[in-house]
Amino acid sequence: MKVKTFCCGGFGLNMAVGIVAALPNSDLVLFDTTEKNMQPSLKDKPFVRVGKESLDGGGKIRSVVAEVAKTESKTWLLSHQPADVNIVVTSLSGGSGSTISVLLLEQLLENKRAAVLVAVWDQTNLQSISNQKKVIESLNYLSKKYGKCLTIFISNKTTAREQDKEVVCVLSSLTVLTE
């Protein structure tokens, strides 16, 4: 069984570094609204620059990212074929990853592909909490629209370091279990 991991936004790209270190042969695709989050260890991985002309990061503003990404999302899976199991990694609190991940999940569901969302959230400010609420509402909508239960893992660890470790562990486990 083939596994593909779609890493979205700044958090997703940070996790991609950990995934590459733990599982060097992982099939990864990276999505972000800026190239600033790219790390040297990811240079050989496919990178989708969302909003090429108009965006340089989402700045926690989902509506700005959604405006551009909604149109672009229709072609993402044409360029990056899904696998048997598709893992989407993001933070629910940012602007880029939280928006890209929902659109990506929608495309996976529309194409009848198995998908798992692995995410973190942040309770430190009202904008993050608002973004997370909107993502959960969007996921609920997708579940109803496609008549599917969504498989979701959300880390609620309190420090970024603990979240990072937990997410890499979960991703490694999912990958090993499905191979």
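A residue counts as buried under 20% relative accessible area, as exposed over 50%, and as partly exposed in between. These classes are applied below to a predicted model. At 47% relative accessibility, Cys 169 falls into the partly exposed class, because that class covers the values between 20% and 50%.

The cysteines were examined for pairing. A disulfide is a covalent bond between the sulfur atoms of two cysteines. The structure holds 0 disulfides. Cys 8 takes part in none, and the nearest cysteine sulfur, that of Cys 7, is 7.2 Å away. Since a disulfide requires a pair of cysteine sulfur atoms within 2.5 Å, the distance of 7.2 Å from Cys 8 to the sulfur of Cys 7 does not qualify. Cys 169 is likewise in no disulfide; for this residue the nearest cysteine sulfur is again that of Cys 7, at 16 Å. With regard to accessibility, Cys 8 is buried, with a relative accessible area of 1%, whereas Cys 169 is partly exposed.

The overall fold was described next. The protein has 5 helices and 6 strands, and along the sequence these follow the pattern β-α-β-β-α-β-α-β-α-β-α. The C-alpha atoms fill a box of roughly 35 × 35 × 30 Å along the principal axes. For 179 residues, a compact globule would have a radius of gyration near 16 Å, and the value of 15 Å for the protein agrees with this. Buried residues make up 48% of the 179 residues. Among contacts with a separation of 6 or more, 65% are between residues 24 or more positions apart.

Internal space was then considered. Rolling a probe the size of a water molecule over the atoms shows where empty space is left. The structure holds 1 cavity of 30 Å³ or more. About 40 Å³ of space lies in the largest cavity. The elements giving two or more residues to the lining of the largest cavity are strand 5 (114-120) and strand 6 (151-155). Strand 5 provides the largest share of that lining, 3 residues. The full lining consists of Leu 105, Ala 115, Val 116, Leu 117, Leu 139, Leu 150, Thr 151 and Ile 152. In terms of chemical class, the lining residues divide into 7 nonpolar, 1 polar and no charged.

One of the lining residues, Ile 152, was followed further. Ile 152 is found in strand 6 and is partly exposed, at 37% relative accessibility. When neighbours within four places in sequence are left aside, Ile 152 is in contact with Leu 117 and Leu 139, and both of these partners also belong to the lining of the largest cavity. Ala 115, another lining residue, is 37 residues from Ile 152 in sequence, and the two C-alpha atoms are 8.9 Å apart in space.

Several lysines were placed in their surroundings. Lys 4 is found in strand 1 (residues 3-8) and is buried, with a relative accessible area of 9%. Apart from neighbours within four places in sequence, the contacts of Lys 4 are Asp 27, Val 29, His 80, Gln 81, Ala 83, Val 85, Asn 86 and Ile 87. Lys 112, in contrast to Lys 4, is exposed, with a relative accessible area of 74%. Lys 112 lies in the loop between helix 3 (96-110) and strand 5. Most residues other than glycine have a negative phi. Lys 112 is not a glycine, yet its phi is positive, at about 55 degrees. Lys 165 is placed in helix 5 (residues 160-178) and counts as exposed, at 60% relative accessibility. The C-alpha atoms of Lys 165 and Thr 34 are separated by 24 Å, the two residues being 131 residues apart along the chain.

A further exposed position was found in helix 1. Ala 21 has its place in that helix, which spans residues 9-22. At 64% relative accessibility, Ala 21 counts as exposed, because this value is over the 50% cut-off. Ala 21 and Glu 166 are 145 residues apart in sequence, and 15 Å separates their C-alpha atoms in space.

Conventions. Residues are numbered from 1 along each chain as its sequence is written. This is a predicted model: local features need pLDDT of at least 70, side-chain atom pairs count only at pLDDT 80 or more; totals for chains, interfaces and linings use all residues. Side-chain values use heavy atoms; hydrogens and water are left out. On a 1 Å grid over the protein atoms alone, a cavity is a set of points where a 1.4 Å probe fits but cannot get out, and a pocket is an open set with protein on both sides within 12 Å along at least five of seven lines; lining residues have an atom within 4 Å of a point. Grid points are joined across faces, edges and corners, and a volume is the space filled by probe spheres set on the points. Helices (H or I, at least four residues) and strands (E, at least two) are DSSP runs, numbered from the N terminus. Ala, Val, Leu, Ile, Met, Phe, Trp, Tyr, Cys and Pro count as nonpolar, Asp, Glu, Lys and Arg as charged, and the others, Gly among them, as polar. Buried means under 20% relative accessible area, exposed over 50%, partly exposed in between (1.4 Å probe, protein chains only). The radius of gyration is taken over C-alpha atoms; the globule rule is 2.2 Å times the number of residues to the power 0.38. Contact means heavy atoms within 4.5 Å.
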